[in-house]
Amino acid sequence: MTFREVLEAVADAGMPASLDTMVLSCDGKKKPVRGWIGKKDPETDAEYKAIFFSLEPERDKDSGSDKPASSKPSLAPRGAPEKAAGKEVYIRTFGYFDVFVDGEPIAFKSYKAKEFLALLVDRRGGYVAAREAISYLWEDEAADEKTMSRLRKVAMRLREELKSYGIEDIIVSVQGKRRIDMSKVSCDFYDFMNGVPGSESLYRGFYMTNYSWGEMTAAELDGISYDEE
């Protein structure tokens with residue numbers, strides 16, 4: 001896939017026309033690009049990987065100010081993620097929430113199924129019970145038989161959506177509780193929290209802007225800083 005094809009694919013996926021700075025690393029060179037992908041360019045046989053930095057305008061920063069010492073709470077350390085059924089899954093949370101399989105964005109048919117997955121990602125591998133999920137997905141409704149049934153349908157749709165891409169195993173379900181298997185995905189949020197080199201520049205003040213409940217985690221991220229190298 002050429003660089004032009006990457007840009008066209010991202011445009012076809014409905015990405016906004018005005019994106020913040022994104023960098024494509026290719027043999028040590030940097031080029032602008034609108035997408036995330038990890039393949040080889042057939043024209044140069046060079047491996048490349050584009051990384052989203054943000055989908056929103058960057059906040060104004062105080063010029064010349066030093067970064068304070070790190071107060072970053074880390075997630076459990078982990079190595080390179082296992083492939084979910086042989087697929088490379090990348091989850092983008094900074095800016096808009098989206099999921100990419102082998103570089104291609106998942107076109108979710110169910111908005112609530114996508115939001116449910118976003119909630120599981122936000123919980124960083126912890127189990128989410130049905131009542132808790134309902135309190136986020138339907139904030140103004142009680143956890144009763146009606147909403148419990150609705151959640152079961154959403155969970156079923158999410159599994160069907162993921163299964164159609166061959167990655168249903170990224171979700172673990174036990175006695176009605178669900179979690180994301182962090183070992184099978186790559187995620188900008190997880191990299192940032194783990195202090196993966198280069199990840200400190202990913203967060204620009206916007207996190208899962210699709211969902212209002214993402215503001216709680218955004219507030220946590222706003223309080224995280226890194227030692228300046």
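**Helix α2 and its surroundings in the predicted model**

K114 lies in helix α2, which covers residues 111–122. The structure described here is a predicted model. With a relative accessible area of 14%, K114 is buried, because the cut-off for a buried residue is under 20%. The side chain of K114 makes a polar contact with the side chain of D98, at 2.8 Å. When neighbours within four places in sequence are left aside, D98 is one of the residues in contact with K114, and F97, F108, N210 and Y211 are the others.

The next residue discussed, E115, is also placed in helix α2. E115 counts as buried, at 5% relative accessibility. Residues up to four places away in sequence not being counted, E115 touches Y136, L137, Y211 and W213. Y211 is thus listed among the contacts of K114 and among those of E115.

F97 was examined in the same way. Its contacts, leaving aside neighbours within four places in sequence, include K114, L117, A118 and V121. F97 is also in contact with I91 and R92, and with M208, N210 and Y211. N210 and Y211 are in contact with K114 as well.

The protein chain as a whole contains 6 helices and 10 strands. Of its 229 residues, 42% count as buried. Among contacts in the chain with a separation of 6 or more, 67% are accounted for by residues 24 or more positions apart.

The largest nonpolar core comprises 47 residues, of which I91, F97, F116, L117, V121, I180 and L221 touch the most other members. At least two residues of this core are supplied by each of β5 (89–92), β6 (98–101), α2, α3 (130–137), α4, α5 (188–194) and α6 (215–222). The largest share, 7 residues, comes from α2. Two of the core residues that touch the most other members, L117 and V121, are in contact with F97.

The packing of helices was then considered. Two packed helices are described by the angle between their axes and the distance between the axes. Helix α2 packs against helix α4 (residues 145–164) at an angle of about 85°, and the axes are 8 Å apart. This angle makes α2 roughly perpendicular to α4, because angles of 65 to 115 degrees count as such. On the α2 side the contact is made by K112, A113, F116 and L117; on the α4 side it is made by L151, V154, A155, R157, L158 and L162. By class, the contact of α2 with α4 has 8 nonpolar and 2 charged residues, and no polar ones. F116 and L117, which take part in this contact, are also among the core residues that touch the most other members.

Helix α4 also packs with α3, at an angle of about 90° and with the axes 10 Å apart. The two helices, α3 and α4, are therefore roughly perpendicular to each other. In this contact A130, R131, A133, I134 and L137 of α3 meet T147, M148 and L151 of α4. By class, the contact of α3 with α4 has 6 nonpolar residues, 1 polar residue and 1 charged residue. L151 of α4 takes part in the contact with α2 and in the contact with α3. L137 of α3, which meets α4, is also touched by E115.

S135 lies in helix α3 and, at 39% relative accessibility, counts as partly exposed. The C-alpha atoms of S135 and T147 are separated by 9.8 Å, and the two residues are 12 residues apart along the chain.

K177 is placed in strand β9, residues 177–180. Its relative accessible area is 42%, and K177 is partly exposed. K177 is in contact with Y127, V128, A129 and V172, leaving aside neighbours within four places in sequence. From K177 to R131 the distance is 9.6 Å, C-alpha to C-alpha, and the two are 46 residues apart in sequence.

Backbone angles were considered last. Most residues other than glycine have a negative phi, and most peptide bonds are trans. R124 is not a glycine but has a positive phi of about 55°. R124 is found in the loop between α2 and α3 and counts as partly exposed at 23% relative accessibility. Q175, likewise a residue other than glycine, has a positive phi near 50°. Q175 is in the loop between β8 (171–174) and β9. With a relative accessible area of 81%, Q175 is exposed.

Methods:
Residues numbered from 1 in each chain as written. Predicted model: local features only at pLDDT ≥ 70, side-chain atom pairs only at ≥ 80, totals over all residues. Heavy atoms only, no water. Helix = DSSP H or I, 4+ residues; strand = E, 2+ residues; numbered from the N terminus. Buried < 20%, exposed > 50% of the residue type's maximum accessible area, 1.4 Å probe, protein only. Polar contact = N/O pair within 3.5 Å; in protein donor to acceptor, adjacent residues only side chain to side chain. Contact = heavy atoms within 4.5 Å. Axes fitted to C-alpha atoms, helices over the stretch in contact; angles between N-to-C directions. Parallel < 35°, antiparallel > 145°, perpendicular 65-115°, else oblique. Nonpolar A, V, L, I, M, F, W, Y, C, P; charged D, E, K, R; others polar. Core = buried A, V, L, I, M, F, W, Y, C linked by side-chain atoms within 4.5 Å.
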